[in-house]
Amino acid sequence: MTMSAGWYLRRLSRMGPREVGGRAGDAVRRRRWRAQPPPCPAVVGARFTAVLPAGALAAVPPEAAKRLVAGADRLMDGHAGFFGVDRDDLVDPDWWRDPRTGRRAPAGYAFDVPYRDEDAVGDVKQIWEPSRHQYLTVLAAAYALTGNERYAERAAAHLRSWWAANPPLHGVHWTSGIELGIRLLSWVWVRRLLDGWPGAAGLFEGNPVALEQIWHHQRWLAAFPSRGSSANNHVIAEAAGQFAAACAFGWFPASARWRSGALRSLERHLRANTFPSGLNRELATEYHGLVLELGLAALAEADAADVPVPESVRLVLLRMTDALAAVVDNRLRPPRQGDADDGFGLVLDAPGTDRWASLLATGDAVFGRLPWWPEATGDDVRTPLLAALVEPYATNGTVTRPARRPGHFADAGMTILRGPGEIWCRCDGGPHGFLSIAAHAHADALSVEVRHDGVDVLADPGTFCYHGQPEWRSYFRSTLGHNTLELDGADQSVSGGPFLWTRHARGRVLAADTFNGSVARWSAEHDGYGDSVHRRRVELTAASREVRVVDEVRGPRRAVRLAFHLGPAITADLAGHRALLTWTRDGEGRSAVLDLPGRLSWRAHRGETDPPLGWYSSGFGRKEPSTTLVGTGFTGGAGEFTTTLGFRD
């Protein structure tokens, strides 16, 4: 996708004067670096001291270690999966090739690479992801747990290959700060986990090429931070990676300055990116996980290096962990809200390890669990290794934590209703997104998600893609692509590009009662349709095991489409205004009845492509057909649009 002149004007309109000035300075610096790249200073006597404490590896659960080694063996055979593409070329990877399109990113000065243009570069996410080197941390962990040097040798060979193919400021891997930040964090852990290998020092601190790479990564991050309207999860990844490297690889004259600057940035942006309730301000759940992982990893480096951190850093991470524990369903699945790109801050486990259970286990080890937290078995590698480095957080009674499980997060506009039979319902009445561009928001005001025992019944369809497939990007973040109501075929918020919203619908929660023993209630409205106001009420009744959704539109007569997206496990038999829903959970048949508003005409859609409708994305780069029920008609006249979802025994 090539950005048009109109996009640049729209993007500029969302910036303030300070951001514009900063970006102008960035442009001048890029031109200067093209003519005269900054030289790496000489390093003498570098030593790596940020090692794991004795006994840390012995604390890894045997099953977690077994899974990790199996995953590492698959990597040794050259196999890995990235965003729905199974690769078999990782014995000797081409660092610039996109396996999905077959295209190869062009060479040249980094800031000339048109990385948003799939025709020129390929799918840049497919190119970038292996170069975060998070699969190398898996290989390094396999060496640390087994002592088998073949894992260490492969990790070392790939690092040397990458460094040779990607000299400083050259090519697609030097274009995005989040990539550099996460890559630095991976290198810190590769070095830590390879510490017992005889070649570790010669690979890193004794290697001039490695020193040059580490220095240039940190110099780049210090020079080109994400600014203003882009200061979301990216700036936290940049600060966390630079801070980790400046702690563990503090071998350069500028290391102390980089460390203090990165810590200031991390502290400021962790606070800015997090609501007081602990939820992430991007209102995109996977980015809550990413930011929490990055923050915990940075905290581990601080404690390992005896670098004091502001109390606010630990407090934000504590609140994020409590918020995560509060919103997950009974299977530890969090909401599927906003964008999701399968991004991790630190990977020390085999694919398939439960990310959310791991985060809660780490939170328990670092902060201590509350009585209302769901049970989360710490069956992962990352938790004991992080816990070995992070000092336990002693609040000494000075920090107030929730006495019971919160259900309503007023600042984020998120409400979780819970009912018998493990019924879980998320209601969205909050802000559209974060900062002026709301980059990772979807046009999903007043949308609902409903699960039964962890199964998506009324599902948020997900994200699927970012670059290169604009019709799919538009669909998955559209109003029609969510369980809410659309007027006159338009989104509630106005898109100016794949990561840009130029007008934001404003949601307002009117009532939320999540602790009533018989009926949990929520109501909210939004102003995204100008002179028409959409108001929605949701009631979850325990006795009847019903979720009732009532939609009301106040304003002139307008065309309406009301969508309900079913999860991929759900089979729907639609007859008129009633749909029988069936599915299987743990070998047992389950069912529910969905009674739809009679004022609308209903059709079932599944796997349609022109235009897209009836799809579910379980992860970035992956999609599968699912059933979407769409009712069409008009507003105005008497009555409301009432939908009832009743679960059967």
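**View A. Arg-369 and its partner Glu-375.** In this predicted model, Arg-369 is partly exposed, with 29% of relative accessible area. Its side chain meets that of Glu-375 in a salt bridge, 3.8 Å from N to O. Where does the acid end up, buried or exposed? Glu-375 sits at 64% relative accessibility, so it goes down as exposed. Keep in mind that side chains of opposite charge can pair when their charged atoms come close.

**View B. Glu-267 and Arg-271 on helix H12.** Here the salt bridge stays within one helix: both residues belong to H12 (residues 255-272) and are 4 residues apart, about one turn of the helix. The closest N and O atoms of Glu-267 and Arg-271 are 2.5 Å apart. Glu-267 has 15% relative accessibility, which puts it in the buried class. Arg-271, at 42%, counts as partly exposed.

**View C. Glu-118 meets Arg-100.** How many salt bridges turn up in a search of the whole structure? The search returns 48, and the side chains of Glu-118 and Arg-100 make one at 2.9 Å, N to O. Glu-118 is in helix H4 (residues 118-121), while Arg-100 is in the loop between strand S2 (85-87) and H4, so this contact ties together parts that are 18 residues apart in sequence. The acid is buried at 10% relative accessibility, whereas Arg-100 is partly exposed at 34%.

**View D. A salt-bridge network.** Which residues are linked in this network of salt bridges? The acids here are Asp-329, Glu-449, Asp-456 and Asp-460. On the basic side are Arg-333, Arg-426 and Arg-451.

**View E. Trp-162 against Trp-187.** Time for some rings: a whole-structure search gives 26 aromatic pairs. Trp-162 and Trp-187 pair edge-to-face, with 6.0 Å centre to centre and 75° between the planes. Trp-162 comes from helix H7 (residues 149-165) and Trp-187 from helix H8 (residues 177-193), so the pair ties together parts that are 25 residues apart in sequence. How accessible are these two? Trp-162 is buried at 0% relative accessibility, and Trp-187 is buried with a relative accessible area of 0%.

**View F. Tyr-466 against Phe-620.** This aromatic pair is edge-to-face, at 4.9 Å centre to centre with 70° between the planes. What does the pair tie together? Tyr-466 lies in the loop between strand S7 (455-458) and helix H17 (470-476), and Phe-620 in the loop between strand S22 (615-619) and strand S23 (622-625), so the link joins parts that are 154 residues apart in sequence. Tyr-466 counts as buried at 3% relative accessibility, and Phe-620 is buried too, at 4%.

**View G. Charges over rings.** Phe-620 shows up again here, with Lys-125 lying over its face at 5.3 Å from the ring centre. In another case, Arg-557 lies over the face of Phe-634, at 4.4 Å from the ring centre.

**View H. An aromatic cluster.** Back to Trp-162 and Trp-187, which belong to one aromatic cluster. Trp-163, Trp-215, Trp-251 and Trp-258 are also in the cluster. Its phenylalanines are Phe-48, Phe-204, Phe-249 and Phe-252.

Conventions: Residues are numbered from 1 along each chain as its sequence is written. This is a predicted model: local features need pLDDT of at least 70, side-chain atom pairs count only at pLDDT 80 or more; totals for chains, interfaces and linings use all residues. Side-chain values use heavy atoms; hydrogens and water are left out. Rings of Phe, Tyr and Trp (its six-membered ring) pair if their centres lie within 6.5 Å; planes under 30 degrees apart count as stacked, over 60 as edge-to-face and the rest as tilted. Helices (H or I, at least four residues) and strands (E, at least two) are DSSP runs, numbered from the N terminus. Buried means under 20% relative accessible area, exposed over 50%, partly exposed in between (1.4 Å probe, protein chains only). A charge sits over a ring if NZ of Lys or CZ of Arg is within 6 Å of the ring centre and within 35 degrees of the ring normal. A salt bridge is a side-chain nitrogen of Lys or Arg within 4 Å of a carboxyl oxygen of Asp or Glu.
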